[in-house]
Amino acid sequence: MSTHLGRMIVEDFLKSSKPCLEAIIKELSRFKGDKIRKVRLFYFKNGQKKELTLDGTHFFLRSSVEYSNPQLTVEEVQGITAARLLEVCGNYFNIYGLHEFDSRDIDEICEKLSKPPLGKIVSYLLNTDDVEPDRYSMNPLKDSIVSSGQSAFPSASVNTERLEIDQKFFHKYEGSLISKDEVELIDHHLRTCNNNYLDMVDGTKYEQLENLSEAFGINLCLYSVRMPLKFLEKEESNGLLHYILRESHANYESIERVYNCMGRSMKKRTTLLTVPHSEKGYGSKRASRGRIYFDGTKLKSVKVTFKTTLLYPNAIDPEDVSVAKADDQFIVQGDRLINYNFSETPSSPQFILYSLGSPEDAVIWHAIGEFGASQLVKSYTSTRVVCARNLMMRELKEKYGITPKIPLQFNIAAKNMWTHPIHDNIDASIGCIQNLKDLAESGIKLERLLSDEYIRKETIF
């Protein structure tokens with residue numbers, strides 16, 4: 001069952017994003033999949049967490065959200081909507097062939113969009129749980145996050161018992177970053193989440209997605225994966241991410257290879273491939289300073305320093321910069337990383353490493369080059385190239401059934417990014433948008449990112 005808004009978005013997408021549909025359909029024609037591989041996902045329904053497992057015969061399309069704010073932003077909603085559009089339209093035209101669409105095609109696509117993900121392509125969310133709980137100065141719990149000493153904690157470790165709505169934040173940003181209804185919704189989930197910060201955020205966002213699904217006529221309740229910390233916490237020491245971290249730290253050459261993928265120099269060796277957590281709970285990558293030491297070619301130790309660090313401002317007030325408060329210093333012996341075990345040495349890996357464990361066959365980025373970081377895409381793509389050429393992580397296929405490849409990469413065009421109709425910010429909460437038609441009229445245009453343009457040349461010689 002479609003609504004006027006959903007139909008408007010679908011028609012615009014089909015007109016503007018045909019090259020992306022062509023690309024994903026072409027990729028599907030040679031996609032083999034792996035029925036043995038199991039992908040574990042979850043979603044929330046009526047405030048309850050539900051789990052499901054899909055096999056690797058599906059073509060997984062990744063969008064993403066962070067745990068840095070409990071309220072849904074217009075940017076997050078657009079990314080989720082884009083993923084569902086590409087998923088459903090890709091599945092539809094893969095069956096019927098890509099052709100000039102008519103009203104009957106629109107009717108069928110809208111009908112399929114109103115239902116949960118179901119088909120060869122499955123869109124999902126990679127929820128990054130290592131991020132600071134108020135990374136972008138837009139969390140309505142921000143004051144108590146700082147006062148409770150958790151601003152430099154990874155979100156996966158945050159305790160909710162001492163958290164409460166920051167009334168100063170609400171009054172300052174009502175209508176631009178947050179709405180009254182969202183504050184009440186967050187407060188409800190804060191009281192019912194059983195001291196689980198991640199469940200509080202997911203519960204809030206999924207409830208918002210259920211309401212938006214009805215308004216748009218598009219089921220936006222994508223399945224989710226939490227990475228990297230909850231993944232590592234559940235994984236056995238011989239699991240996939242443990243293997244990736246051990247291989248990354250095997251010796252000087254291994255670390256240098258990852259450095260090359262990241263565009264970093266081994267001269268100072270200050271970039272940590274995984275940031276060990278402090279016994280005080282700190283895990284912020286931004287608040288950490290590191291130095292890697294070698295004994296010949298063997299990793300000798302890693303020095304870690306946590307110090308209070310400014311993070312990022314929101315888009316409404318550039319002077320309102322979030323902060324990660326931390327003060328600690330320690331040394332991790334190299335053997336703890338060479339023979340890595342998360343239960344002994346909790347740490348937050350770099351995204352380019354842990355995303356190798358995400359099931360993605362295609363990904364959606366947000367306004368790369370303007371709002372999104374093109375350097376991250378270069379690091380991501382280069383890492384995939386090196387692994388695909390069997391120059392790094394050589395046992396991914398044999399031991400873990402993962403064939404390294406560069407996923408198809410799509411980008412939401414910057415000029416089509418959804419923003420607040422008055423304040424023009426992408427970090428506005430969806431509850432600040434009084435008329436969703438203002439977003440739907442902007443449309444969603446996806447463009448293809450060509451991998452060859454994002455490969456660091458030093459990684460392939």
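Contact here means heavy atoms within 4.5 Å of each other, and helices (H or I, at least four residues) and strands (E, at least two) are DSSP runs numbered from the N terminus. The structure is a predicted model, in which local features need pLDDT of at least 70 and side-chain atom pairs count only at pLDDT 80 or more, while totals for chains, interfaces and linings use all residues. Residues are numbered from 1 along each chain as its sequence is written, and side-chain values use heavy atoms, with hydrogens and water left out.

A convenient place to begin is helix α3. E76 lies in this helix and touches V65, E66, N69, Q71 and K205, when residues up to four places away in sequence are not counted. Because its relative accessibility is 7%, E76 counts as buried (buried means under 20% relative accessible area, exposed over 50% and partly exposed in between, with a 1.4 Å probe and protein chains only). Helix α3 spans residues 74-96 and also holds G90. The relative accessibility of G90 is 0%, so G90 counts as buried. With residues up to four places away in sequence again set aside, G90 touches L21, I24, I25, L28, L85 and I121. For a longer view along the chain, G90 and L439 are separated by 349 residues in sequence and by 23 Å in space, C-alpha to C-alpha.

The N-terminal helices come next. Helix α1 (residues 4-16) and helix α2 (residues 18-29) have axes that come within 5 Å and cross at roughly 75°. Axes are lines fitted to C-alpha atoms, for helices over the stretch in contact, and angles run from 0 to 180 degrees between N-to-C directions. The crossing therefore makes α1 roughly perpendicular to α2 (angles under 35 degrees count as roughly parallel, over 145 as roughly antiparallel, 65 to 115 as roughly perpendicular and the rest as oblique). F13, L14 and S16 of α1 meet K18, P19 and L21 of α2 in this contact. Sorted by class, the contact of α1 with α2 has four nonpolar residues, one polar and one charged (Ala, Val, Leu, Ile, Met, Phe, Trp, Tyr, Cys and Pro count as nonpolar, Asp, Glu, Lys and Arg as charged, and the others, Gly among them, as polar).

Turning to the strands, an open sheet of three has the order β7-β8-β9, with antiparallel pairing (two strands pair if DSSP finds at least two bridges between them). Its edge strands are β7 (288-295) and β9 (321-333), each of which pairs on one side only. From one strand to the next, the twist averages 10°. Strand β8 (residues 298-313) is joined to β7 by eight bridges, and the two run antiparallel. Within that pairing, G290 has V304 of β8 as its bridge partner. L311 also has its place in β8, and counts as buried because its relative accessibility is 5%. Apart from neighbours within four places in sequence, L311 is in contact with E132, D134, R135, R286, V321, S322, V323 and A324. L311 and A324 are 13 residues apart in sequence, with 6.7 Å between their C-alpha atoms.

Strand β12 (residues 408-412) is mostly covered, with five of its five residues buried. In a regular strand, side chains alternate between the two faces of the sheet. Both faces of β12 are covered, with L408, F410 and I412 buried on one side and Q409 and N411 buried on the other. Strand β11 (residues 362-366) pairs with β12 in the parallel sense over five bridges, and H366 has I412 of β12 as its bridge partner. Strand β13 (residues 446-449) pairs with β12 in the antiparallel sense over four bridges; here the partner of F410 is R448.

Finally, the cysteines deserve a look. A search of the whole structure finds zero disulfides (a disulfide is a pair of cysteine sulfur atoms within 2.5 Å). C89 is in no disulfide, and the nearest cysteine sulfur, that of C110, is 8.6 Å away. C89 counts as buried, at 0% relative accessibility. The sulfur of C261 lies 7.1 Å from the closest cysteine sulfur, in C387, which is too far for a bond. C261 counts as buried too, at 0% relative accessibility. Outside its neighbours within four places in sequence, T383 is in contact with C261, I352, L356 and M392. T383 is found in helix α14 (residues 374-388) and is buried, with a relative accessible area of 1%.
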